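These are my notes from one sitting with the model, kept in the order in which I looked things up. I began with a pair of helices and worked outwards from there.

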Amino acid sequence: MIDRFRQAYREEARELLTELESALLELDRNREDREVVGRAFRALHTIKGSGAMFGFDAIAGFAHNLETAFDRLRNGELTATSDLINLSLAAGDQIRVMLEQEDGGKAADPACSQQILAELQKLTHDATSSPADTHPVKDPAAAREAVGHTWRIHFRPAPGILLQGTNPGLLFRELRDLGELKMTLDTSAIPPLAEIEAEHCYLAWDMVLTTTAPEAAIRDVFIFVEDEGELRIEAAAAEEPDAATLPADGRRPGAPPVPGKVRETVATPATSSLRVSTSKIDELVNLVGQLVTVQARLSEVAGRHQDPDLTEVSEAVDRVTASLRDNSMNIRMLPLRATFERFRRLVHDLGADLHKEVNFTVEGADTELDKTVIDQLNDPLVHLIRNSMDHGIEPPEARLAAGKSPTGTIHLSARHAGASVLIQVTDDGKGLDVEAVRARATEKGLIEPGARLSESETLSLIFTAGFSTARELSGVSGRGVGMDVVRRNIEALRGSVEIASRPGAGLTATLRLPLTLAIIDGLLVRVGAEHFVLPLADSRECVELTRRDIQENHGKHLANVRGEIVPYIRLREYFGIAGQHPEREQIMVVDTDYSQYGFVVDQVLGDHQTVIKNLGRLYRNVQEVSGATLLGNGTVALILDPNRLVQSILQAASQRRGSAGRESRGYRLDSLPPKNKEDKTDGTQGSEQQV
Amino acid sequence: MAKVILTVDDSASVRQMVRFALSDAGYTVVEAVDGKDALAKLTQPVHLVITDLNMPNLDGLGLIRGVRANPAYKGIPILMLTTESQDSKKQEGRAAGATGWIVKPFATQQLLAVVRKVLG
């Protein structure tokens, strides 16, 4: 049982250490902030207090010394210096090592602890004491003497004793447990009725106690009340049976009845949070995914049978499944704050290593993201921040020479965009030199000399394996593996990464990540016999496209949606699906990164809870499809990524304009600029992406 | 009828330990993560409050004052959890209306002894 507590303590202590670290780093920026000192103090206080309780004595003792220092800091007796903050950070790391040791990790070096404490003492000029155990309650049985003594006790509690929750009757009961007790009630202080405060205690007691317990045990009975009111405990010579006895039945004279005692107690222990292992939640989400698929089949069957009873049940199951799905997805959502705050330390440490001054700012840390995504986000962000620190931000002298503030800034932000979350790492360093990237890529044979690439295409080359513009390896980055890893990790999460450079003014890396990896709300559409799913969050509206509309636009791939011109893509043509399109087609208008785009389909079937299944390694180069899902009747529908679809269409168009001879990637049409139908028959394209 | 004890601490491990010790002894335990949470949970009968002093949002002293200001709870016993470095806190706590204190670290038996002392 105690092991369970120890485990809980370890987890809690790790969180507290993170909290301590973030408080310390914040303190480093704002030395006067008492609130932050208070946060650090509370974290240390709990690490110490709970540590001692669960047998982590070494940690408790160590944390005690730090806590003392922060208590003095809090009271203004000490000032926060960068030495103290750095030492405290090191101390936090040491506690972490000690925790790991308890957890079976490598042993903590006691010499290291000693050294930190010695430094701390030097910094605080204080003889820090070790934690001493002073328990107010001692076991009365422990020191019982063999011979009984008689004690005279006079007790006149403060009038407010009842309002402090003390029941004098309980004290007498405790005394009776010690030995034979005789009591006399002194009512002389009770005022006239008109002056009586109903909740005050006006009584005093004189008692004679015969006990084998020592005086300390008697004093312990009154430990909470001895400072207020009158209490005299004297050794009496012998038996003095002059006291009229009072039945010490524990009833409080003059006390109002305790409310609640008469009512029925509701046994509902309310917990505010619960720790559950991730594997259990994963299992739950997996089962919910299966349920969603089964439910889709049920709806489909109900739709075929046209049985009102069955339909009713099916709709009810539908509703419950939808909220079950949302709820179980929500369990996995965590705010990004903890992840973001961890980088504060990284920036602080790297800044010291590289002799650069960098201010780290965070925005949108409350944005929530699936835990699986967050877990895999750490490495890519570390790489991006290291790159900014190493290559982006210039040394202070260079910054001054460039007319910038000597202190650089790295800004980490997160925000929602449709069914995605955008995370941006922005620095105000020197930015990327597009020409240097192009030259390097040519040198490495990544592109052909003279290839015409747009700026963003060129910049995206830095995500290619083996690319690095830094000629010398630094300890921080420059091995040419980082950015490659970034892209692979992010794409494994079905996300994308982009770089925008402002030469001389900095760099922004944008990560676009799906909110969740498991289930999305989708819109099911049909083209011929094929089904596709578009993400519902990005879908804007659905309009009809008739042959007349097409003719009026002279076959250009532009639709007029209430006066707005919307370019569109025919999925039938894009995927090379055989068959004639029907008289009336439908356009799904979807928000993309570029603008609104229309996707022309035969029929929009309706919304569909989409359980995302990966296509497998064989198809990982297929950009336009983000996964597949099972429909109610067991057939497979591909989940389209509208952004990638539009992107590849635009790229195909620009490539065809740029280098006409280069092999393009297999599109049957392009949409910008609008072209005539006859143009689509030119023979440059294959069709690698037929379904 | 089991007596209800409200344990207030921002440390989950301490709450868990207090809960285990007290429910084993037959008490019903309600947990709160800080003073604010605790005041919000004072809607049911509570016979004893055990609170930490250092907590975010609303600290132990604030909670004690809050409980005492509520007519339905102004007479219930309140125990505060302190550490040896906080002797002055004991006085502040008493002044705010605390009944007694338990010094951290404490063993289960000590906790139960003090709870029995104030709860009977």
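**Helix pair in chain B**

I am working from a predicted model, and I looked first at helix H3 (residues 60-68) of chain B and helix H4 (residues 87-96) of chain B, whose axes come within 9 Å and cross at roughly 20°. Angles under 35 degrees count as roughly parallel, so I entered H3(B) as roughly parallel to H4(B). For the handedness I noted that H3(B) passes H4(B) in a right-handed crossing.

I then looked up which residues make the contact, and found Leu61(B), Ile64(B) and Arg65(B) on the side of H3(B), with Glu92(B), Gly93(B) and Ala96(B) on the side of H4(B). Sorted by class, the residues of this contact are three nonpolar, one polar and two charged.

**Chain B as a whole**

Stepping back, I counted five helices and five strands in chain B, and along the sequence they follow the pattern β-α-β-α-β-α-β-α-β-α. Chain B has 120 residues, of which 62% count as buried. I also looked up the contacts in chain B between residues at least 6 apart in sequence, and 59% of them join residues at least 24 apart.

**Chain A as a whole**

For chain A I recorded 19 helices and 21 strands, and I noted that buried residues make up 34% of its 691 residues. Among the contacts in chain A with a separation of 6 or more, 69% are between residues 24 or more positions apart.

**Helix pair in chain A**

I next turned to helix H10 (residues 337-354) of chain A and helix H12 (residues 378-392) of chain A, whose axes come within 10 Å and cross at roughly 30°. H10(A) passes H12(A) in a right-handed crossing.

Which residues meet between H10(A) and H12(A)? From H10(A) I listed Thr339(A), Phe343(A), Leu346(A), Val347(A), Leu350(A) and Leu354(A), and from H12(A) I listed Asn378(A), Leu381(A), Val382(A), Ile385(A), Arg386(A), Met389(A) and Asp390(A). By class, I entered this contact as nine nonpolar, two polar and two charged residues.

**Ala23(A)**

Is Ala23(A) buried or exposed? Ala23(A) lies in helix H1 (residues 2-29) of chain A, and I found 26 other C-beta atoms within 10 Å of it, so Ala23(A) is buried, the cut-off for that being 20 or more.

Leaving aside the neighbours within four places in sequence, I found Ala23(A) in contact with Val36(A), Arg39(A), Ala40(A) and Ala43(A). I also looked up the separation between the C-alpha atoms of Ala23(A) and Gly38(A), which is 8.9 Å, with the two residues 15 apart along the chain.

**Nonpolar cores**

I closed with the cores, keeping in mind that in soluble globular proteins nonpolar side chains tend to be buried together. The largest nonpolar core has 79 residues, and those with the most contacts inside it are Ala40(A), Leu44(A), Ile59(A), Val49(B) and Leu79(B). Its largest share, nine residues, comes from helix H2 (residues 34-53) of chain A.

I followed up Val49(B) in particular: beyond its neighbours within four places in sequence, Val49(B) is in contact with Leu6(B), Val8(B), Val67(B), Ile76(B) and Ile78(B). My last entry is a second, separate core of 38 residues, which includes Val373(A), Leu384(A), Leu461(A) and Leu511(A).

Terms used. Residues numbered from 1 in each chain as written. Chains lettered and ligands numbered in written order. Predicted model: local features only at pLDDT ≥ 70, side-chain atom pairs only at ≥ 80, totals over all residues. Core = buried A, V, L, I, M, F, W, Y, C linked by C-beta atoms within 7 Å. Buried ≥ 20, exposed ≤ 12 C-beta atoms within 10 Å, placed from the backbone. Helix = DSSP H or I, 4+ residues; strand = E, 2+ residues; numbered from the N terminus. Contact = placed C-beta atoms within 7 Å. Axes fitted to C-alpha atoms, helices over the stretch in contact; angles between N-to-C directions. Parallel < 35°, antiparallel > 145°, perpendicular 65-115°, else oblique. Left-handed = near helix turned anticlockwise from the far one by under 90°. Nonpolar A, V, L, I, M, F, W, Y, C, P; charged D, E, K, R; others polar.
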